[in-house]
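This report looks at how a protein holds its ligand and at a few unusual places in its backbone. Please keep the sequence and the structure in view while reading.

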Amino acid sequence: MPGATIISSGRYLPGKPVSNHDLARIMDTSDAWIRQRTGIAQRHYASQGEGVSDLALPAVQAALEQAEISPEEIDYIIFGTMTPEHIFPGSGALLGLKLGIPGVPALDIRQQCAAIPFALELADALIATGSARTVLIVGAEAHAGFMPYAWDVLLGESDRGLTPAERALATQHRGMAVLFGDGAGALIVRACNEPGRGLLASANHSDGRGHGYLLVPAGLFTRRHYWKMREEEQIPTMKGKELFKSAVTLLPEVVKEVCRKAKVSIDEIDWFIAHQANDRINSAVREALGVPEDKVPSNIARYGNTSSATIPILFDELWREGKLKRGDLVCFLGLGAGLNWGAVLMRL
Ligand code: COA
């Protein structure tokens with residue numbers, strides 16, 4: 001059976017970057033606190049009215065251009081996001097429309113920061129069964145919508161003073177809010193008929209016991225008159241320490257699991273393209289696996305945690321810089337809300 005491999009990629013980051021110093025103007029935080037705890041220096045935010053399918057479009061166009069293929073060649077769209085335009089319907093069909101390919105099947109997947117390992121496994125299965133020849137995978141996020149910020153003050157659009165209530169609300173959610181940024185990444189996946197190349201193995205997991213570690217507490221359709229829920233219940237809450245502990249224990253295990261499945265040793269892997277949640281998490285995973293620093297690239301300083309988009313954005317940077325090459329053995333790994341986590345091994 002043919003294994004699937006990535007043939008091209010693209011990325012898009014909206015607007016101008018917003019630095020830690022900018023955030024410190026609207027809440028009680030500091031550049032030093034954010035950098036030391038996470039490695040993040042700045043992030044981008046989607047503008048008012050800009051949804052995830054808008055962010056995805058230029059990323060996909062860049063990937064199509066690089067592969068020298070037209071949108072009509074896409075047989076399937078897999079769209080990962082935790083910040084869709086609507087509660088329903090999903091963003092995949094909207095992206096298909098914007099690409100000019102209505103009718104192409106589009107799956108919206110809800111694995112949050114672990115979307116890409118799940119999407120790669122799914123794309124490989126679609127290709128192996130003959131359901132698709134070319135699969136478009138997208139990770140795109142517009143977290144800006146849930147940030148409890150005085151946007152006009154943050155973006156310098158107004159010189160009015162911040163009210164104490166605005167500062168207090170942003171400060172209340174600072175542990176979660178400073179981490180996230182917006183952006184989109186796209187991967188185009190196709191069958192690869194060369195033996196030894198393509199997706200070698202995948203190991204993905206979901207465990208509802210960690211459901212409460214990162215969620216939007218508003219209960220949606222568990223409630224009658226769900227639209228009457230309290231405003232602040234729509235702001236996500238996060239148990240940072242629980243997520244941190246889960247990531248540093250589950251990610252090394254899942255990397256070992258996927259290596260056992262593929263019968264390769266950790267030393268043989270050229271690159272670990274890890275979800276960018278926090279530099280300290282990725283350092284701990286790297287140390288647990290005994291992997292040298294240069295095999296675990298990071299770009300979190302520039303973008304923050306863009307959830308489902310971190311892996312394709314990082315892939316695209318390394319691919320276009322010529323660092324990642326055909327034939328390299330790459331491990332994609334990530335953990336996100338759900339909990340969902342996984343790792344995929346692919347020989348490019
Ligand atoms: N700026 C300044 N101070 C902050 C702050 C911020 N942005 N956020 C929290 N603090 C304060 C807390 O209020 C607390 O103050 P206190 O000691 O007076 O109570 C102190 O800093 C320590 O907070 P704590 O939450 O214990 O910090 P931490 O060391 O656990 O680091 C995270 C917090 C969020 C950086 C860390 O837990 C983490 O990275 N977790 C993983 C999160 C993640 O990856 N989420 C996405 C999953 S895909």
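## Polar contacts with the ligand

A polar contact is a pair of N or O atoms within 3.5 Å, and this cut-off is the one to keep in mind when reading the distances that follow. The model shown here is a predicted one, and the distances are computed from its atoms.

In Asn-278, a polar side-chain atom lies 2.5 Å from an oxygen atom of the ligand. Two arginines also take part: the side chain of Arg-37 has an N or O atom 2.9 Å from a ligand oxygen, while for the side chain of Arg-174 the corresponding distance to an oxygen atom of the ligand is 3.0 Å. The ligand taken alone exposes 960 Å², of which the protein buries 71%.

## The shell around the ligand

The ligand sits in the second largest pocket. Two or more residues of the shell are given by each of helix H2 (31–38), helix H8 (174–177), helix H9 (240–262) and helix H10 (279–289), and the largest share, four residues, comes from H9.

In total, 22 residues surround the ligand, and the closest are Thr-29, Arg-37, Arg-174, Lys-241 and Asn-278. Sorted by class, the shell is made of 10 nonpolar, seven polar and five charged residues. Where does the ligand lie with respect to domain 1 and domain 2? Because both domain 1 (3–192) and domain 2 (198–347) give residues to the shell, the ligand lies between them.

## Unusual places in the backbone

Most peptide bonds are trans, and most residues other than glycine have a negative phi. Against this background, the peptide bond from Phe-88 to Pro-89 is cis, with omega near 0°, and Pro-89 is placed in the loop between strand E4 (76–80) and helix H4 (92–98). Another cis peptide bond joins Gly-338 and Leu-339, where omega is about -10°; Leu-339 belongs to the loop between strand E12 (329–336) and strand E13 (340–347).

Turning to phi, His-225 has a positive value, near 50°, although this residue is not glycine. His-225 is found in the loop that runs between strand E9 (214–215) and strand E10 (237–238).

Notes: Residues numbered from 1 in each chain as written. Predicted model: local features only at pLDDT ≥ 70, side-chain atom pairs only at ≥ 80, totals over all residues. Heavy atoms only, no water. Near = heavy atom within 4 Å. Polar contact = N/O pair within 3.5 Å; in protein donor to acceptor, adjacent residues only side chain to side chain. Areas by Shrake-Rupley, 256 points an atom, 1.4 Å probe, with all protein chains shown as cover. 1 Å grid on protein atoms, 1.4 Å probe; cavity = no way out; pocket = protein on both sides within 12 Å on 5 of 7 lines; lining within 4 Å. Sits in = over half its atoms within 2 Å of the grid points. Nonpolar A, V, L, I, M, F, W, Y, C, P; charged D, E, K, R; others polar. Domains from an automatic or database assignment.
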